[in-house]
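This briefing is for a reader who is new to the structure shown below. It goes through helices, buried residues, a surface patch and salt bridges in turn.

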Amino acid sequence: MRIVFLVNRDIESNFILNLLLPELHRHTVGIFLSERVGASSGVRARMLGQLAFVEQDLFGELVFPLIELTSPGCERYAGFGELSRRFGIPLQVLSTVKDPAALQQLHDMRADLFVSIRFGLILDANVLGIPRCGILNLHSGLLPQYRGVLATFRALLNGDDEIGCTLHWIDSPGIDRGAVIDKARRPVVKDRSLFWHILSLYPLGADLILSAIRRLEDGTPVVGEPQDATAGAYYSFPSDDDLMRFTAQGWRLFDRGDIWEVLEPYGCKPGATLKR
């Protein structure tokens, strides 16, 4: 199969690609990157800028270039550019899917399947019909309860005992509305941060994606169950008040230990010296 990943330039997307790509050696793969999810950071609550720094700038601007220069080898996880070279996969950036040139880029991949993970652009009707098999989306929240952005934040804020991710078809331009293929859940861990909880969903999501791809490869229909359009809610970015209530409940957006845990598969350990 010819599979194209539509992902965002952040640690979550990179982390799951490191899990997925070694399992897809039989397929022809391409990657398109968006640069952000949602509206400009200027309209978001201030604390979210700190989380965005960890998810995007810390890894994209500091960690990935550093490990590529100082820690050669294929045993560790790799940044986007290094993944592209390691697996011989074309990597392109999309800032829009509205103009003819961008649509032509997508058509030129001749994809059987698009897989969207945290992609920052809304896929409209001009994109939906491009891949032969359709478009899968991994949503880091349980649908239909939590549509929109930062679903894990909402689940923690609401006192849920478990969080989860949902694999669904994008079969209309509506956000997080498509037919649900499968879900995966894990328990909430009260002494871990939001960042840790979000990252903990992506190994589960990788398994959902690989299962769906194997079924499509075998010719088995991957049928989704339509969502109840009246159930759940759509959530935008948290407000300052939402974030104050979140921290008042004892939650943290991220912490040092959780970041080091994510760094470890990339070859970084506390106190370690990277070698040339």
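A polar contact is a pair of N or O atoms within 3.5 Å; within protein, one must be able to donate a hydrogen and the other to accept it, and residues adjacent in sequence count only if both atoms are side-chain atoms. Asp 99 makes a contact of this kind at the N-terminal end of helix α4, where a side-chain oxygen lies 3.1 Å from the backbone nitrogen of Ala 101 and Asp 99 caps the helix. The model is predicted.

**Helix α4**
- Helix α4 covers residues 100-108, and its buried residues are Ala 102, Leu 103 and Leu 106.
- Seen down the axis of α4, these buried residues fall within an arc of 100°, so they line one face of the helix.
- Pro 100 and Ala 101, on the other side of α4, are exposed.
- The cover over the buried residues of α4 includes strands β1 (2-8), β2 (28-34) and β4 (113-117), together with helix α5 (125-128).
- Arg 110, just after α4, has a positive phi of about 50°.

**Helix α3**
- Phe 80, Glu 82, Leu 83 and Ser 84 are buried in helix α3, which spans residues 80-87.
- Packed against the buried residues of α3 are β1, α1 (11-20), β2, α2 (46-70) and β3 (91-93).
- Gly 88 follows just after α3 and takes a positive phi of about 65°.

**Three buried residues and their contacts**
- Ser 116 belongs to strand β4 and is buried, at a relative accessible area of 4%.
- Beyond its neighbours within four places in sequence, Ser 116 contacts Leu 6, Ile 135, Leu 136, Asn 137, Leu 138 and Ile 170.
- Arg 154 sits in helix α6 (residues 151-157) and counts as buried, at 9% relative accessibility.
- Not counting residues up to four places away in sequence, Arg 154 touches residues including Tyr 146, Tyr 235 and Asp 242.
- Val 180 is in strand β8 (residues 180-187) and counts as buried, at 12% relative accessibility.
- The C-alpha atoms of Val 180 and Trp 169 are separated by 6.6 Å, while the two residues are 11 residues apart along the chain.
- Leaving aside neighbours within four places in sequence, the contacts of Val 180 include Leu 143, Thr 166, His 168 and Val 223.

**A nonpolar surface patch**
- Ile 122, Ile 175 and Tyr 234 form a nonpolar patch on the surface, and together they have about 290 Å² of accessible area.
- Of these residues, Ile 122 is placed in the loop between β4 and α5.

**Salt bridges**
- The structure holds 17 salt bridges.
- One of them joins the side chains of Glu 35 and Arg 9 (2.9 Å, N to O).
- Glu 35 lies in the loop between β2 and α2 and Arg 9 in the loop between β1 and α1, so this pair ties together parts that are 26 residues apart in sequence.
- Glu 35 is partly exposed at 41% relative accessible area, and Arg 9 is partly exposed at 29%.
- Another salt bridge joins the side chains of Arg 192 and Glu 261 (2.6 Å, N to O).
- Arg 192 lies in the loop between β8 and α7 (194-200) and Glu 261 in helix α10 (residues 256-263), so the pair ties together parts that are 69 residues apart in sequence.
- Arg 245 and Asp 242 also meet in a salt bridge through their side chains (2.9 Å, N to O).
- Arg 245 and Asp 242 are 3 residues apart in helix α9 (residues 240-248), separated by about one helical turn.
- Arg 245 counts as partly exposed at 37% relative accessibility, whereas Asp 242 counts as buried at 11%.
- A network of salt bridges links Asp 10, Glu 12, Glu 55 and Arg 118.

Technical notes: Residues numbered from 1 in each chain as written. Predicted model: local features only at pLDDT ≥ 70, side-chain atom pairs only at ≥ 80, totals over all residues. Heavy atoms only, no water. Buried < 20%, exposed > 50% of the residue type's maximum accessible area, 1.4 Å probe, protein only. Helix = DSSP H or I, 4+ residues; strand = E, 2+ residues; numbered from the N terminus. Arc of directions from axis to C-beta. Contact = heavy atoms within 4.5 Å. Patch = residues over 30% accessible without salt bridge, like charges linked within 9 Å, V, L, I, M, F, W, Y side chains within 5 Å. Areas by Shrake-Rupley, 256 points an atom, 1.4 Å probe, with all protein chains shown as cover. Salt bridge = Lys/Arg side-chain N within 4 Å of Asp/Glu carboxyl O.
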